[in-house]
Amino acid sequence: MSGRTDSARAITVTVTFFADLRRFLPRGADGPQRYSLSGNATIADLLAVIGIKPDADVTAAVDGELADRETVLHEGADVMLLSPMEGGAMERFGYWNKILHVNLTDRSTRIEEPGDAFFRRYAGGRGLIAHYLLKYVPKGADPLGPDNILVIAPGVITGAPVPGAGRHSVGAKSPLTGGFGESESGGYWGAELKRAGWDAIVFHGVSPTPVYLWINEGRVEFRDASHLWGKITGEVEDLILAELGDKLIRIAQIGPAGENLVRYACIANELNEVAGRTGMGAVMGSKRLKAIAVRGKTPVRIADQRGLLAVAKWVSGTMDEKHRAFHEFGTGAAMQGKSLEGGMPVLNYRLGAADTIAKVDAIAVRDQVRVKMGACYACSVRCKKVVHIEEREEAARAAAETVYKGRAKVAFDPLGRYSVDPRYGGPEYESLAALGVNLGLEDLIAICKSNEMCNYLAMDTVSLGCTLAWAMECFEKGILTLEDTGGVPLRFHDADGVIKLVEMIAYRRGVGDLLAEGSQRAAQRLGRGSEALLTTVKGMEMAMHDPRHMPVMRASYLLAPTGGDHMRQTSNRNGLRNQIGLCHFLAYEDDQSLQILRTVTGWDITPEEMVTTAHRGLTLARLFNLREGMSRADDRLPARFSDPLPKHAGLTRAQQDKIVTDYYVEQGWDAQTGVPTAETIRALELEADAVYAR
Ligand code: SF4
């Protein structure tokens, strides 16, 4: 974009549009935008370039400081344009006190206003999900039956104008683990839901026919989705946007995998962000809920906008020092180092290194197939890879000229096999590893293709990749034969074979039907010693961080309420982020998270209360898992991780037991059984929730 560039000292500034000001975004654009201006340009000049009238009711901030129309901009300035209500003096800040309950069976809705104490106690996300799961899901309920609920819960800071505050959590009883299911997603959808005036949605029952929900501010409408059922996510997004006639609508949806109850189906929003883990897409599919379209125009109210802007200013001011590598590569830049250290998952976690790693890491993605980086709501870090690949060279050249105006090179597949649509983003580290090196692949184009397919079919790349790795090792060892697979070979190093299998799983065709159950259920069905090759905890496939190499991951895998989860879900710090809606990749220290929480909500929250809030969420999830039959025996790594890697020792039972016991004690749970003690329940004020845990 270019503005007044008559001065030799032209500058470039980055502008983030909040709330309804997004209507000023250039056509088809999203996230922060760059503008070129003359060297002495002011905010007024910038508004003129964007097309905003000088007297429009718009608040501006430059590098985290409130700015007036005469403020002179400088090279690299970080400009925020906010609606006037952001920062307005209202009694309640950060949340609305409005939970939407949707009964899909009889297509009715009700609004719950649980009060301020409720939000301070649960803070959104995990806390709120666990509270509702205990309350509404009967013990022993079928995760894919009508008694399960689906909760979508942003946090109390989601939608605030500060980097990292764009996240929402999705929860239900997991069809993969049979226990506490939860997954988080970034992008814009959660912030949009908050701006529509809702703190969470709880879906009950099952719709008799396919349906989608249209939330337009306070109005909620059930709409027929028969014509969308069976379609991939991109087609569904196009159809809903055309139907509702507003391009600023945000859509969360399932793909064919969720409709077909693939146990690790995910929920995608904006086509390239997913609540990936624990099979939340299958729960949504079991409810015949195809999509949730949201449009919100009311900015989240902030108690202390100046204080919040100071945090945003810290992010832009420390970009080089704290976030540059992330901004440059996204996740996956350190794969070569990880391989050198012998900690990469390779061929179903058997090797710690791959000679081919440089062909498939984030550096290779940047150099070969990436066209740009994308961002989540309000985030200046912009760490999301976007790849674009055409089947043919001519098409790639044409796309570079027409779509990117020569500013990006578009890749092509020299073998003429695959194209990859940039609408579906690009592979994060987990996908590069799970769909790549752990399957013995060095074909970056095929890896990008299978990642794109997982986004448009809406499946978790980690569980899918690990299930394939397990099946391939079974095949290699003769445990699975061509007779079992209907003649389909399941071989490591077979990139084109993986592409075929991704589709077979999403549609449950042939051997895909078995693999759609996840590796643990498939192993139980198959037997023949295949259980020994699993890489699951509590039924969920482990992410791509080997606990033999990374001690910090051990407690996470052993004790995360969701199973094989690498996000250190066991720590109070990360637990809190999952509750309030804050991205894990922002390098905030705990006091900065506290400052965000305080300035958004106006709560006089202390560091101790912040820890208690996270602790409460983890304890609630533990109560749910215990009620559903889990025990200490489930807090264990699979046998594979007792085997040594070439550079790392295996983990003994005694080592694992010590980590588990120490954690139980730290959390105030019984040291032997992991049952939260009566004293802990009282201290966390969870007596009412504990009634539902029996
Ligand atoms: S750091 Fe990356 S993932 Fe996190 S909010 Fe920013 S753009 Fe999104």
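Q: Which residues surround the ligand?
A: This is a predicted model, in which local features need pLDDT of at least 70 and side-chain atom pairs count only at pLDDT 80 or more, while totals for chains, interfaces and linings use all residues. Residues are numbered from 1 along each chain as its sequence is written, and side-chain values use heavy atoms, with hydrogens and water left out. With a heavy atom within 4 Å as the criterion, the ligand is surrounded by Gly164, Cys376, Cys379, Val381, Arg382, Cys383, Lys384, Cys583, Phe585 and Leu586.

Q: How many residues of the shell around the ligand are nonpolar?
A: Ala, Val, Leu, Ile, Met, Phe, Trp, Tyr, Cys and Pro count as nonpolar, Asp, Glu, Lys and Arg as charged, and the others, Gly among them, as polar. In this shell, two residues are charged and one is polar; the nonpolar residues number seven.

Q: Which strands stand at the edges of the sheet S2-S1-S5-S3-S4?
A: Five strands (DSSP E runs of at least two residues, numbered from the N terminus) form this open sheet with mixed pairing, where a pair requires at least two DSSP bridges. An edge strand has a single partner strand, so one side of it is left without a neighbour in the sheet. That is the position of S2 (33-37) and S4 (65-67).

Q: Which residue of S5 stands opposite alanine 61?
A: Strand S3 (residues 59-62) pairs with S4 in the antiparallel sense over three bridges, and alanine 61 stands opposite leucine 66 in S4. S3 also pairs with S5 in the antiparallel sense, over four bridges. In S5, the residue opposite alanine 61 is methionine 80.

Q: At about what angle does helix H1 run to S2?
A: Helix H1 (a DSSP H or I run of at least four residues) spans residues 43-50 and lies across S1, S2, S3, S4 and S5, in contact by heavy atoms within 4.5 Å. Axes are lines fitted to C-alpha atoms, for helices over the stretch in contact, and angles run from 0 to 180 degrees between N-to-C directions. Helix H1 runs to S2 at about 115°.

Q: Which strands stand at the edges of the six-stranded sheet?
A: This open sheet has the order S13-S12-S17-S14-S15-S16, with mixed pairing. Two strands have a single partner strand each, so one side of each lacks a neighbour in the sheet. They are S13 (219-224) and S16 (273-275).

Q: Which residue of S17 is the bridge partner of asparagine 216?
A: Strand S12 (residues 211-216) and S17 (residues 289-295) pair in the parallel sense over six bridges. In S17, the partner of asparagine 216 is arginine 295.
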